[in-house]
Amino acid sequence: MEWEPDASAGAWLRERIDDPWRGTMHDIVPRGFAAYARVFHPAMRERPVGREWPPEPADRHRAEWEEFGRAGVEVDTERVTWGEAADAFGTTMHAGAQWHRIVRTEPRFERSGESTDAAGWRYSPPEEGRLDPPLLALLAGVLSAHTSTPDDAYIAVWEGWGGLLGFYGETPARAVVTLTRDDEPADLRYVSLDDAELLDRHREMLERSIHDRFNNVFRKRTWQPGVLSDEVSRGPRLSLPHRDHVLFRGSIAELADPDWVAAVPWADEPAALTASPSWIWPGDRAFAVATEVDWDSTIVAGPMELIQAVCAHLELEALPLHEGAALTWDSDDVNR
């Protein structure tokens, strides 16, 4: 997979996306395809072993939650589908479902805590803007069978992912904390760490980063490298309504490889945080796949045979979506 500086290859998408927005999926997803499918990003749930969660809200029951943390309670964690969550909460899974309606809580920007079902499982919302890499690999395997040009594909990545591109500034483009120590506060122990030396260096960096407004006025802005090369960082973008992207050219098979996260040009450490492509389409434009950074699902647009294959896949949770469907936070009229 190589960087594609000719961003005009994606101009056809711009012609099919609504601008200005009209409140439907076509604010992001191109019109004009025979069929559409919504691939739901999985969520996570957790439950303590042998005891119940402390009472909510946590800020009013701080002592109980602190005791829970000190007790070192074992917590089971597992991935869960939207359909499984709907079964647990007695709601209805459907193509236009919204997560907060499925688990009977407030939207993300109003929620005070996670949702807990009758069996004691506490649910975290699906990841936005990123389809789990193994699932993306499975999806790519289906896609490759529904284009005449599987070896000629375009992959676009949103330019706004942290640290992706270099820029002129005063601080590095990337800052990753990857470890902690046993003597750190309990809330830091959830961060994955590699060695104590890195944590010490991180602390030293924070100590040097005391804000000094007077000196900042005279501090020279310098080029801060990103994950991608300086040439790519300074290069042209695929500009679609409300989002700009870095465009790459390769094959669908590259994404069908379960290890694609380590091989793509924008791969970063840790690989588990590598961004999903925002767009995938083949040279023959048989389909288009969109993973909007603010959505908790990925939309596939293409021929009916492709949509049927995606929805029939046993390891992908996907449902057919009608053209013009609304996917806004308040559009789930089934689960009121």
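This is a short talk on the fold, two of the helices, some backbone details and the cavity of one protein chain.

Let me start with the caution that belongs at the front: what you see above is a predicted model. The chain has an average pLDDT of 85, and 82% of its residues score at least 70. There is one stretch I would like you to keep in mind, residues 176–195, where pLDDT stays under 50, although the model still has 33 contacts there beyond four places in sequence. Where pLDDT is low, the predicted coordinates should not be read in detail.

Now to the chain as a whole. The protein chain has 336 residues, of which 44% are buried, and along the chain there are eleven helices and 15 strands. If we take the contacts between residues at least 6 apart in sequence, 71% of them join residues at least 24 apart.

With that in place, let me turn to helix α3, which runs over residues 82–89. Which residues of α3 are buried? They are Trp82, Gly83, Ala85, Ala86 and Phe89, and because they cover an arc of only 160° around the axis, they sit on the same side of α3. The elements that cover these buried residues include β2, β4 (75–80), α4, β5 and β6 (122–124). Just after the helix comes Gly90, whose phi is positive, at about 70°.

Within α3, I would like to stop at Gly83 for a moment. Gly83 has a relative accessible area of 17%, and because the cut-off for buried is under 20%, Gly83 counts as buried. Leaving aside residues up to four places away in sequence, Gly83 touches Met93 and Glu317. Gly83 can also be placed relative to His94, which is eleven residues away in sequence and, C-alpha to C-alpha, 8.5 Å away in space.

The second helix is α11, residues 304–312, where Leu306, Ile307 and Val310 are buried. Here the arc around the axis is only 95°, so these residues too lie on one and the same side of their helix, α11. As background, an α-helix has 3.6 residues a turn, so residues three or four places apart point the same way. What do the buried residues of α11 pack against? The answer is β2 (35–40), α5, β14 (297–302) and β15 (318–321). If you follow β2 in the viewer, you will find that β2 is among the elements covering the buried residues of α3 and is also one of the elements against which the buried residues of α11 pack.

Next, some backbone details, beginning with two cis peptide bonds. One of these joins Asp19 and Pro20, with omega at about 10°, and Pro20 is in the loop between α1 (11–16) and β2. Another cis bond runs from Glu56 to Pro57, with omega near 0°, and Pro57 has its place in the loop between β3 (43–48) and α2 (62–70).

There are also residues other than glycine with a positive phi, and I will mention Arg104, at near 55°, and His242, at near 75°. Are these two buried or exposed? Arg104, in the loop between α4 (99–102) and β5 (115–116), has 55% relative accessibility and so counts as exposed, the cut-off being over 50%. His242, which lies in the loop between β10 (238–240) and β11 (243–250), is exposed as well, with a relative accessible area of 51%.

One further loop residue is Ala145, found between α5 (133–143) and β7 (153–158). Ala145 is exposed, at 61% relative accessibility. In sequence Ala145 and Ile252 are 107 residues apart, yet from C-alpha to C-alpha they are 9.6 Å apart in space.

Finally, let us look at the space inside the protein. How many cavities of 30 Å³ or more does the structure hold? It holds one, and about 110 Å³ of space lies in the largest cavity. That cavity is lined by 14 residues, and the closest to its centre are Ile28, Arg243, His245, Trp279 and Glu292. Sorted by class, the lining has eight nonpolar, three polar and three charged residues.

To close, I would come back to the caution from the beginning, since this is a predicted model and pLDDT stays under 50 over residues 176–195.

Methods. Residues are numbered from 1 along each chain as its sequence is written. This is a predicted model: local features need pLDDT of at least 70, side-chain atom pairs count only at pLDDT 80 or more; totals for chains, interfaces and linings use all residues. Side-chain values use heavy atoms; hydrogens and water are left out. On a 1 Å grid over the protein atoms alone, a cavity is a set of points where a 1.4 Å probe fits but cannot get out, and a pocket is an open set with protein on both sides within 12 Å along at least five of seven lines; lining residues have an atom within 4 Å of a point. Grid points are joined across faces, edges and corners, and a volume is the space filled by probe spheres set on the points. Ala, Val, Leu, Ile, Met, Phe, Trp, Tyr, Cys and Pro count as nonpolar, Asp, Glu, Lys and Arg as charged, and the others, Gly among them, as polar. Helices (H or I, at least four residues) and strands (E, at least two) are DSSP runs, numbered from the N terminus. Buried means under 20% relative accessible area, exposed over 50%, partly exposed in between (1.4 Å probe, protein chains only). The arc is that of the directions from the helix axis to the C-beta atoms. Contact means heavy atoms within 4.5 Å. pLDDT is the predictor's confidence in each residue, from 0 to 100.
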